[in-house]
Each structure stands twice: as structure tokens, then as C-alpha cells.
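Biologist: I should like to learn how the features of a structural model are read. Please give the general idea before each case.

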Amino acid sequence: MARIKGAVTTRHRRRKVLKLAKGYWGAKSKHFRTANQAVMKSLTYAYVGRRLKKRDFRRLWITRISAAVKPHGINYSRFVYALKKLDISLNRKMLAEMAVYDKEAFAAVVEKAKAALEA
């Protein structure tokens, strides 16, 4: 039986890693071993970064909503509680967008929430 060598597969794998390492400084973009280490590390950072981005945006939206409801005499937590009570299912991203770009509609939602808290 003929012996099968893995040169083609190895070359493809190495080429793929070196392509991902394009633009890295020095040997990290030229030598497979250092490039492989750098690529594995950068892919880990990218994975973590995608999760951190979700947290950061949620914090931003909450901050924007909180700042927008404050002039209406209500705080963020009571506002969200009132929305749940009214069964208004606007997510934080949409509420933050309304607070920034459509102040009248947001004010109407806040007034509805305040009325629900008083009742």
C-alpha cells in the first residue's frame, strides 16, 4: 500500500495561518511558528472582544436612557419597571435610539410609564 504524505494539507494549513498573520510586525508575519502563536492569541482576543462589545453597548444604552428620563422626574430603574408593568416590550437599544433621535416619542413613552407608576 502506498504511503500518503501530508505535504499538501500542511502547506494549506500554514498558508491559511500566514494569510491571517498578514500585516503583523517582523517574523510574526513570515515564520509559521511565531505567526501561528500570534494568530491564535489574536483570535482569542477577537472572541473575547465580541462578548465585551455586547456589554459595552448595553451599558451605553442604559446610560443614555437614564440621562433621558432624568429631566422627566423619574429614574432608570423605575422607568424600566413601569414599562414591564405596562407590557411595553421596547428593548434598551430602541429606547436609547428614541431618546437620542426622536425625543417626542420618547417623552410620550416616559409619560405613559409615569402614569402607570402613579396608578
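Modeller: Helices (H or I, at least four residues) and strands (E, at least two) are DSSP runs, numbered from the N terminus. Here the chain has 5 helices and 0 strands, in the sequence pattern α-α-α-α-α. This is a predicted model, in which local features need pLDDT of at least 70, side-chain atom pairs count only at pLDDT 80 or more, and totals for chains, interfaces and linings use all residues. Residues are numbered from 1 along each chain as its sequence is written, and side-chain values use heavy atoms, without hydrogens and water.

Biologist: Why is the chain described as more spread out than a compact globule?

Modeller: The radius of gyration is taken over C-alpha atoms, and the globule rule is 2.2 Å times the number of residues to the power 0.38. For 119 residues the rule gives 14 Å, whereas the chain has 26 Å, well over that value, so it is more spread out than a compact globule. Its C-alpha atoms fill a box of roughly 85 × 40 × 20 Å along the principal axes.

Biologist: Which residues have the most contacts inside the largest nonpolar core?

Modeller: A nonpolar core is a set of buried Ala, Val, Leu, Ile, Met, Phe, Trp, Tyr and Cys residues joined through side-chain atoms within 4.5 Å; buried means under 20% relative accessible area with a 1.4 Å probe, protein chains only. The largest one has 19 residues, and Ile65, Val69, Phe79 and Phe106 have the most contacts inside it. Helices H2 (32-69), H3 (76-86), H4 (92-101) and H5 (103-118) each give two or more residues to this core.

Biologist: What does Ile65 touch, not counting residues up to four places away in sequence?

Modeller: Contact means heavy atoms within 4.5 Å. By that criterion, Ile65 touches Tyr76, Phe79, Arg92, Leu95, Ala96 and Phe106.

Note on methods
Buried means under 20% relative accessible area, exposed over 50%, partly exposed in between (1.4 Å probe, protein chains only).
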